[in-house]
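Dear colleague,

Please find below the structure for your consideration. My findings follow directly after it.

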Amino acid sequence: MTLPNVFVTRKIPENGLELLRSRAKVRVSDQDRPLTRQELLLAVREADGVIGLLSDRIDAEFFDAASRLRGYANYAVGYDNIDVAEATRRGIPVSNTPDVLTKATAELAWALIFAAARRVVETDGVMRSGLWPGWGPLQFIGADVSGKTLGIVGAGRIGTATAMMSRGFDMRVLYLESPSGRRNPALDDTLGAECVPFDRLLAESDFVSVHCPLTPDTRHLFDMDAFRKMKNSAVLVNTARGPVIKEDDLVRALRSGEIAAAGLDVYENEPRMAEGLAALSNAVLLPHVGSATRSSREAMADLAARNLLAMLSGQKPPTCLNPKVLGLS
Ligand code: DGY
């Protein structure tokens, strides 16, 4: 029996590669960086299946280049990099990695909330500089978290987990109405959370945590207009996708005091940041590490491999985004 050819666009944890090797001929990019577009299009020509990253654009041009493709598995839960409609039109199943990184990403949102509220990075820098003159009553005053209002934009898996983690801090929780008007019973029943329109969430939240997917509707959801509606003391945290925030406007809002601070794990044009952002002491800036715990990354590798192998053998992938191409729904 000939084994299918699988191409992995960047090295992922070994457990996923081992699983793939048990049932496929596996080639892994030897570059320790995302492939350029040309490299990617060239590398997938003979592939029956591909595992790729959130930085790989999976669109008509990709499918044209990968003419033998029978499945694509994203090594990420977010899938704004995949043209799912185009994949579906061509009958190619595609998948993502939900659930396995929910807790890790929600924990990172909390790391950013605390770091921004209590100026953790800025004050760490003071200690390292050797310039701390000793304790002072008016030094490095930050914001309380306990008892404050947390606004969740995108009350899906990760937004819900982030909200649930507020229980230790006795917070009031608001979450954004979904376009379908669907409520989140876990948040309603467990936290007594309120489902509110965007303007109300902006006006009443002390901490706003972004967890929505990137779609045409959420691109630049946070712009100057939104920042003006937020409290001047508000902290904005984003562990979802960078383009949900108009980054130039965020720099202006942080500079002018329109909002107090931001904690970012994702950027509009990764790996670059908007001009001026790096110089702001009221911004905590992380390099897209929401899912970067050993167990999450290994679980992502396992899930992506299982998805792809199922696609290649005509079985039901655990987390397929377009199951109807396999005659499943
Ligand atoms: C995702 O999975 O979408 C994250 O952004 C990276 O793990």
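**Sheet and cores**

Strand S1 (residues 5-8) is joined by four bridges to S2, and the two run parallel. Within this pairing (at least two DSSP bridges between two strands), Val8 has Val28 of S2 as its bridge partner. This is a predicted model in which local features need pLDDT of at least 70 and side-chain atom pairs count only at pLDDT 80 or more, while totals for chains, interfaces and linings use all residues. Residues are numbered from 1 along each chain as its sequence is written, and side-chain values use heavy atoms, with hydrogens and water left out.

Strands (E, at least two residues) and helices (H or I, at least four) are DSSP runs numbered from the N terminus. The open sheet comprises five strands in the order S2-S1-S3-S4-S5, with parallel pairing. Strand S2 (25-28) and strand S5 (94-95) each have a single partner strand, so one side of each edge strand is left without a neighbour in the sheet.

The largest nonpolar core (buried Ala, Val, Leu, Ile, Met, Phe, Trp, Tyr and Cys residues joined through side-chain atoms within 4.5 Å) has 33 residues, of which Phe222, Phe227, Met230, Leu236 and Leu250 touch the most other members. Buried here means under 20% relative accessible area, with exposed over 50% and partly exposed in between (1.4 Å probe, protein chains only). Helix H11 (247-256) is among the elements that each supply at least two residues of this core, and its four residues are the largest share. A second, separate core of 24 residues includes Val145, Met171, Tyr175 and Val237.

Yours faithfully
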